[in-house]
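Reader: I am new to this structure and would like a close look at a single part of it. Could you choose one pair of neighbouring elements and take me through it slowly?

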Amino acid sequence: MDGDDQEEGQPGPAGTFDVLAAWRGLPADCQEAIGAAALVHILGLMGSMQGLSPAQGYRAAEHEGIQSLEQAVLTHLPDAFDGDGLPRRPELAGIDVHACRGCGCTQDHACEGGCWWVEEDLCSTCAGQAVCVSAPIFDEAGRTNEK
Ligand SMILES: [Zn+2]
Ligand SMILES: [Zn+2]
């Protein structure tokens with residue numbers, strides 16, 4: 001047995017990537033390359049999922065689109081990757097999705113084992129790791145009205 005720790009996955013780059021700021025900073029032709037690739041991909045995917053024909057046409061769009069998207073992002077958004085070429089975690093606020101500021105989990109994609117909102121943008125998993133929580137959470141709920 002090798003004591004290999006790969007199963008947990010390797011940690012991503014520190015910090016998050018502001019997709020809206022990045023998009024707004026792109027020249028129009030780069031936006032066009034990324035936008036067109038995303039549209040081709042998602043329409044191909046949706047057609048494939050609904051079993052539409054010609055199936056090869058939808059399948060081709062799905063895969064060509066995602067490849068083109070990957071290439072366009074690598075080419076036009078180098079800041080989306082760290083020095084090792086690893087993708088930074090995107091900020092979901094850019095697509096109007098509410099996410100934890102610590103780990104990026106969302107209402108529909110919780111931490112493994114489940115989590116809940118401790119603050120508006122902080123989940124219970126991340127709050128459990130924070131050292132600077134000023135008051136224990138169970139204080140209010142656990143005590144009856146002591147004056
Ligand atoms: Zn979290
Ligand atoms: Zn969470």
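Author: What follows is a walk through one helix pair, beginning with the whole protein and ending at a single residue.

The model is a predicted one, and its protein has 147 residues, of which 9% count as buried. Its secondary structure comes to five helices and four strands, and along the sequence these elements follow the pattern β-α-α-α-β-β-β-α-α. Among the contacts in the protein with a separation of 6 or more, 44% come from residues 24 or more positions apart.

The pair to look at is helix H2, which covers residues 28–49, and helix H3, which covers residues 55–76. Their axes come within 7 Å of each other and cross at roughly 155°. Because angles over 145 degrees count as roughly antiparallel, H2 is roughly antiparallel to H3. The crossing in which H2 passes H3 is left-handed, and the contact of the two helices, sorted by class, has 15 nonpolar, seven polar and three charged residues.

The largest nonpolar core is found with this pair in view, and it is made up of six residues, namely Ala37, Val40, Tyr58, Ala61, Leu69 and Ala72. H2 and H3 are the elements that give two or more residues to this core, and H3 gives the most, with four residues. As a general background, nonpolar side chains in soluble globular proteins tend to be buried together.

One member of that core, Val40, shows what a single position touches: leaving aside residues up to four places away in sequence, Val40 is in contact with Ala61, Glu64, Gly65 and Ser68. Of these partners, Ala61 also belongs to the core just described.

A second position worth a careful look is Glu62, which is found in helix H3. Is Glu62 buried or exposed? A residue is counted as buried if 20 or more other C-beta atoms lie within 10 Å of its own, and Glu62 has 20 C-beta neighbours inside 10 Å, so Glu62 counts as buried. With residues up to four places away in sequence again left out, Glu62 touches His41, Gly44, Leu45 and Ser48. The C-alpha atoms of Glu62 and Leu43 are separated by 7.1 Å, although these two residues are 19 residues apart along the chain.

Definitions and conventions: Residues are numbered from 1 along each chain as its sequence is written. Chains are lettered from A and ligands numbered from 1 in the order in which they are written. This is a predicted model: local features need pLDDT of at least 70, side-chain atom pairs count only at pLDDT 80 or more; totals for chains, interfaces and linings use all residues. A residue is buried if 20 or more other C-beta atoms lie within 10 Å of its own, exposed if 12 or fewer, and partly exposed in between; C-beta atoms are placed from the backbone. Two residues are in contact if their C-beta atoms, placed from the backbone, lie within 7 Å. Axes are lines fitted to C-alpha atoms, for helices over the stretch in contact, and angles run from 0 to 180 degrees between N-to-C directions. Angles under 35 degrees count as roughly parallel, over 145 as roughly antiparallel, 65 to 115 as roughly perpendicular and the rest as oblique. A crossing is left-handed if the near helix is turned anticlockwise from the far one by less than a right angle, and right-handed if clockwise. Ala, Val, Leu, Ile, Met, Phe, Trp, Tyr, Cys and Pro count as nonpolar, Asp, Glu, Lys and Arg as charged, and the others, Gly among them, as polar. A nonpolar core is a set of buried Ala, Val, Leu, Ile, Met, Phe, Trp, Tyr and Cys residues joined through C-beta atoms within 7 Å.
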